[in-house]
Amino acid sequence: MDLVHPQLSAFTAVLEEGSFEAAARRLSISPSALSQRIKALEDRLGQVLVVRQAPCRPTAAGEVLLLRVRPMQALQAEALAELLPDHGGDATRTPIPLAVNDDSLDTWFVAAIAELHQRHGYLFDLRMDDQDHTLELLRNGSVLGAVTAERNPLKGCNVHPLGAMRYHAIASPAFARRHFSKGMQADALASAPMIVFNRKDELQWRFLRRLTRARLQPPVHYLPSSTGFVDAAARGLGWCLAPEALVTPAVQAGQVVVLEPRRWLDVPLFWQHAAVRSSTLQHITQALRTAAGNTLR
């Protein structure tokens, strides 16, 4: 059962599934019927809402609408569960879209969503991006909430502090002896290979600026995996910053060393979500804050 207008359900399904065909299968209607619903909604609003390409994405107007529809879906699931207990549980089969950074996903976030699934039966649709960019997914309506480095709430959103993720500079013992026998000085940093998550990742560059004001262009490996960072450093691929929770076991095992024991980088993290009175969002917020509190500073 769907309390949200069928045209809105068709609209969100297309953007979640990425194509009209996949959305039609999910809603158990033909692609033609789904296309007619989207077209009717666009005609009613007088604006194109969906960019019809692979994958489908919202237009600027579509982002505005999606931002409003997401909370409605959460409230619908709660209403069905309360009013129709024999059938309302079906609403929990719709995954809740959340944005999270990779380091949180690999350290504390899974514990939170696992507890939520066991207690409430929630399913999740996780979108991953750098902590400096996850908020864009909340801004454009792609997700209902986001773990972000941004402390200032978006319009229409609430924000909760989670704690700070501490990053240490690490490398294999052999790499440290070869490149940093005299410490992480500018000349050594200019030639030592550095491991960076992706081209959005500013952590290593931020740490470089903290160590030296020199304009450095070291050789760079791009490796989009938090757990892979530690393994790559242990194998001598380069030096990098990694979360304390992943660094500590590797240090204890002798796989890596901390290059600057008295210098680190703390990144405060926040949970932002749509500002609606939703028990689902309350449950998620409590679970995230509890799990983060067990790991973050």
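These notebook entries record what I looked up in the structure.

**Entry 1: the whole chain**

I noted at the outset that this is a predicted model. I then took stock of the protein and found 12 helices and 11 strands. I looked up its extent along the principal axes, where the C-alpha atoms fill a box of roughly 65 × 40 × 30 Å. The protein has 297 residues, and 47% of them count as buried. I also looked at contacts with a separation of 6 or more, and 74% of these join residues 24 or more positions apart.

**Entry 2: helices H1 and H2**

I turned next to helix H1, residues 6–17, and helix H2, residues 20–27. Their axes lie 8 Å apart, and the two helices pack at an angle of about 125 degrees. An angle between 115 and 145 degrees counts as oblique, and H1 and H2 are therefore oblique to each other. I recorded the crossing of H1 and H2 as right-handed.

I then listed the residues that make this contact. H1 contributes Ser-9, Ala-10, Ala-13, Val-14, Glu-16 and Glu-17. From H2 come Phe-20, Ala-22, Ala-23, Arg-26 and Leu-27. Sorted by character, the residues of the contact are 7 nonpolar, 1 polar and 3 charged.

**Entry 3: backbone geometry at Ser-28 and Pro-55**

I looked up the general expectation before examining these two sites. Most residues other than glycine have a negative phi, and most peptide bonds are trans.

Ser-28 is not a glycine, yet its phi is positive, about 60 degrees. I located Ser-28 in the loop between H2 and helix H3, which spans 31–45. Its relative accessible area is 65%. The cut-off for exposed is over 50%, so Ser-28 counts as exposed.

The second site is the peptide bond from Ala-54 to Pro-55, which is cis, with omega near -5 degrees. Pro-55 sits in the loop between strand S1 (50–51) and strand S2 (57–58).

**Entry 4: helix H10 and its cover**

I asked which residues of helix H10, residues 226–234, are buried. They are Ser-226, Gly-228, Phe-229, Val-230, Ala-232 and Ala-233. I then looked for what covers these buried residues. The cover includes the helices H5 (102–120), H9 (203–211) and H11 (244–252). Strands S6, S7 (194–196) and S9 are also included in it. Just after H10, I found Gly-236 with a positive phi of about 85 degrees.

**Entry 5: strands S6 and S9**

I followed two of the covering strands further. Strand S6, residues 157–171, pairs with S9 in the antiparallel sense over 4 bridges. Opposite Ala-242 in S9 stands His-168.

I checked which way the residues of strand S9, residues 240–243, point. Cys-240 and Ala-242 point one way, while Leu-241 and Pro-243 point the other way. All of these residues are buried.

**Entry 6: Ala-287**

My last entry concerns Ala-287, which lies in helix H12, residues 279–293. Is Ala-287 buried or exposed? Its relative accessibility is 9%. Buried means under 20%, so Ala-287 counts as buried.

I then looked up the contacts of Ala-287, leaving aside its neighbours within four places in sequence. Those contacts are with Ala-112, Glu-115 and Leu-116. I recorded the separation of Ala-287 and Leu-116 as 171 residues in sequence. In space, the C-alpha atoms of Ala-287 and Leu-116 are 7.0 Å apart.

Definitions and conventions:
Residues are numbered from 1 along each chain as its sequence is written. This is a predicted model: local features need pLDDT of at least 70, side-chain atom pairs count only at pLDDT 80 or more; totals for chains, interfaces and linings use all residues. Side-chain values use heavy atoms; hydrogens and water are left out. Axes are lines fitted to C-alpha atoms, for helices over the stretch in contact, and angles run from 0 to 180 degrees between N-to-C directions. Angles under 35 degrees count as roughly parallel, over 145 as roughly antiparallel, 65 to 115 as roughly perpendicular and the rest as oblique. A crossing is left-handed if the near helix is turned anticlockwise from the far one by less than a right angle, and right-handed if clockwise. Contact means heavy atoms within 4.5 Å. Ala, Val, Leu, Ile, Met, Phe, Trp, Tyr, Cys and Pro count as nonpolar, Asp, Glu, Lys and Arg as charged, and the others, Gly among them, as polar. Buried means under 20% relative accessible area, exposed over 50%, partly exposed in between (1.4 Å probe, protein chains only). Two strands pair if DSSP finds at least two bridges between them.
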